[in-house]
Amino acid sequence: MSIISLCSSHRTFALPAFLSRLSGGLSAAFVLLWLAACSRPLRERVTVYDGFPQTAELAGTPLHLDTAVFRYLFRIRVQADRAVVMDLHGTDHFFHAFSLPDFRHLASFGRRGDGPDDLISAENMRWTGDTLHVLDSGKSQVAHFVFAPSADSLLRVGTVSLDRQLLRALDFVSISDSTCLVPDYSGDSRFCVVNRDGRLLRRFGSIPTANEDALLHSRPALAQAWRSFIDYNPRNGMLAAATQLGEVLELWNLHDSTHTVLLGPGGEPQFQVRQGYGIPTGIMGFIDVQVADSAVYAIFQGTSFKEIGQSIQQGESLQDGGRYLYVFSLTGAPLRRYILDRHVCGIAVDEKRRILWTTDVNSDEPVVEFRLDATD
């Protein structure tokens, strides 16, 4: 099977416009300085880690949601007193908004369909201030939603058709009110920088692999294998990318242009090239990542494809997601490993309240809350 079969189809598009009201965004002057700094080589540091100084177990509490049954709650994003969950295979709607901390249902939105205001394939979502941006890879568009004055529904306030200069976008993060990043799946760089109108400004970074043969002859397949889940925190300028395969976490400090590559026991993504596609042969790695104000949090799986293949042959079904929450400092030092009592996919960490919200696609109660201070 292909990790990202559509990445090699050369169906191209770029990234969205963002409203100028970015909470905690960087100033225009700083963005210009950062773009200039990116034209210079990044100061890269590779660190190998083999464990964590602390390990703790956490038991979660499933939350009762007064809504219809979800099919595959994959992601959760929290902004102030609101949370939005993304149902990857939603029958009617892809997104559902809830109030916090009671998790009372507010609205379902992002209707699935072929109409002008419908979504074909929801890929991800990001908050910038009070605006939620939704990536629809099926239509090559990003839709913008805001809450109605009554706060009981979300209104679609704009749509951006995406540029044709980039390969298929599977993720994005906003860097400022006028700039965002898209992973580059061509293999020629790590990220594409685009402006608020979706125009490609430049590319930067490179895949930190030791596989010289793939760099020379199989860059698109290499980029597929190195697909990463990303996150950015404008308050501290930290960008993180956690590989879906293997065990590599990359941290960029966009304030000083430093790049830290953390290589865990699972090693870098392993794959074979067949007809231009990257076929995974190693392990499933990270599932989601979040850059908080004081630390980086990532969900890790670690299941080998050999084990996955054996379970398929035996007619067994492995649970989706990972049971390990890794916590790193902003400089890349391993701090703590949490062992969760279930497999989860999406995470949202509130450091002030010491709460971890997760999505459990294996359960009929798919939103689970963990109290991080239960072990402190």
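For sorting the residues around a pocket, Ala, Val, Leu, Ile, Met, Phe, Trp, Tyr, Cys and Pro count as nonpolar, Asp, Glu, Lys and Arg as charged, and the others, Gly among them, as polar. With these classes in hand, the empty spaces and charged pairs of this predicted model can be described.

The second largest pocket is a good place to begin. Its volume is about 920 Å³, and 30 residues line it, with V78, Q79, R235, Q290 and V291 lying nearest its centre. Several strands contribute two or more residues to this lining, among them β4, β8 (122-128) and β22 (286-291). By class, the lining of the second largest pocket comprises 14 nonpolar, 7 polar and 9 charged residues.

Rolling a probe the size of a water molecule over the atoms shows where empty space is left. Enclosed space was also searched for, and the whole structure gave 1 cavity of 30 Å³ or more. About 30 Å³ of space lies in this largest cavity. Its lining is made up of L166, L167, R168, V182, P183, D184, Y185 and C192, that is, 6 nonpolar and 2 charged residues with no polar ones.

Strand β4 (residues 73-79) also holds R77. What does a buried arginine do without a salt bridge? For R77, the nearest side chain of opposite charge is D288, 4.4 Å away, and a salt bridge requires a side-chain nitrogen within 4 Å of a carboxyl oxygen, so this pair does not qualify. The side chain of R77 instead has a polar contact of 2.9 Å with the side chain of N124, and it reaches the backbone oxygen of M125 at 3.1 Å.

Side chains of opposite charge can pair when their charged atoms come close. In this model there are 12 salt bridges. One of them joins R190 to E250, with the closest N and O atoms 2.7 Å apart. R190 sits in the loop between β13 (179-183) and β14 (191-195), while E250 belongs to strand β18 (residues 248-253), so the pair ties together parts that are 60 residues apart in sequence. Both R190 and E250 are buried.

Other salt bridges pair a partly exposed arginine with a buried partner. R111 meets D118 with the closest N and O atoms 2.7 Å apart; R111 is partly exposed at 47% relative accessibility, whereas D118 is buried at 8%. R371 and E369 form a salt bridge at 3.3 Å, N to O. Here R371 is partly exposed at 40% and E369 is buried at 14%. Finally, R126, D171 and D231 are linked in a network of salt bridges.

Notes: Residues numbered from 1 in each chain as written. Predicted model: local features only at pLDDT ≥ 70, side-chain atom pairs only at ≥ 80, totals over all residues. Heavy atoms only, no water. 1 Å grid on protein atoms, 1.4 Å probe; cavity = no way out; pocket = protein on both sides within 12 Å on 5 of 7 lines; lining within 4 Å. Points joined across faces, edges and corners; volume = space filled by probe spheres on them. Helix = DSSP H or I, 4+ residues; strand = E, 2+ residues; numbered from the N terminus. Buried < 20%, exposed > 50% of the residue type's maximum accessible area, 1.4 Å probe, protein only. Lys, Arg positive; Asp, Glu negative; His and termini not counted. Polar contact = N/O pair within 3.5 Å; in protein donor to acceptor, adjacent residues only side chain to side chain.
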